[in-house]
Amino acid sequence: MKRHRVAAMILAGTFLGMSGVVQAESEQASSEQGTLKQSVEGAAERAADFLSDTALTARVKTALTTESALSPFSVGVESTRGVVTLTGDVASRAERRLAERVAADVEGVIAVHNALRVSETAGTQP
């Protein structure tokens, strides 16, 4: 009888110990799943930002090409999270300001960083 009681206690202790291991492994798996979910969500957000920036860049370039007073091929456009950067050379300060205004008027543009340079040779064909 005493032997059965000891065996039952050992068996109960083994089950309790195993349930603790199972619970710890379950918590670790849950934590890893949460980390994976955050990683996937972060990657999806970065991809959405990239696509959004690419679309914004395309809209700004399109707006610049429709402005007849500008030579759109001399203006570079990059977008990062709604901030548009204009680069390249333009023929006058008026063109520089116009390019900035055109870019700022595009839907989705939060700010414009105008790094355009005024150059006497801008817009001329060699």
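## Strand β1 and its two faces

Along strand β1 (residues 75-80), Val75, Val77 and Ser79 point to one face and are buried, while Gly76, Glu78 and Thr80 point to the other and are not. Here, buried means under 20% relative accessible area, exposed over 50%, and partly exposed in between (1.4 Å probe, protein chains only). In a regular strand, the side chains alternate between the two faces of the sheet.

This is a predicted model, in which local features need pLDDT of at least 70, side-chain atom pairs count only at pLDDT 80 or more, and totals for chains, interfaces and linings use all residues. Residues are numbered from 1 along each chain as its sequence is written, and side-chain values use heavy atoms, with hydrogens and water left out.

## The hairpin

β1 pairs with strand β2 (residues 83-90) in the antiparallel sense over six bridges; two strands pair if DSSP finds at least two bridges between them. Glycine 76 has threonine 87 in β2 as its bridge partner. The two strands form a hairpin with two residues between them, and arginine 81 in the turn has a positive phi of about 50°.

## A helix residue that meets β1

Now to threonine 57, which lies in helix α1 (residues 2-65). Threonine 57 is buried, at a relative accessible area of 13%. Leaving aside residues up to four places away in sequence, threonine 57 touches Val77, Glu78 and Ser79, where contact means heavy atoms within 4.5 Å.

## The whole chain

The protein chain follows the pattern α-β-β-α-β along its sequence; helices (H or I, at least four residues) and strands (E, at least two) are DSSP runs, numbered from the N terminus. Of its 126 residues, 22% are buried.
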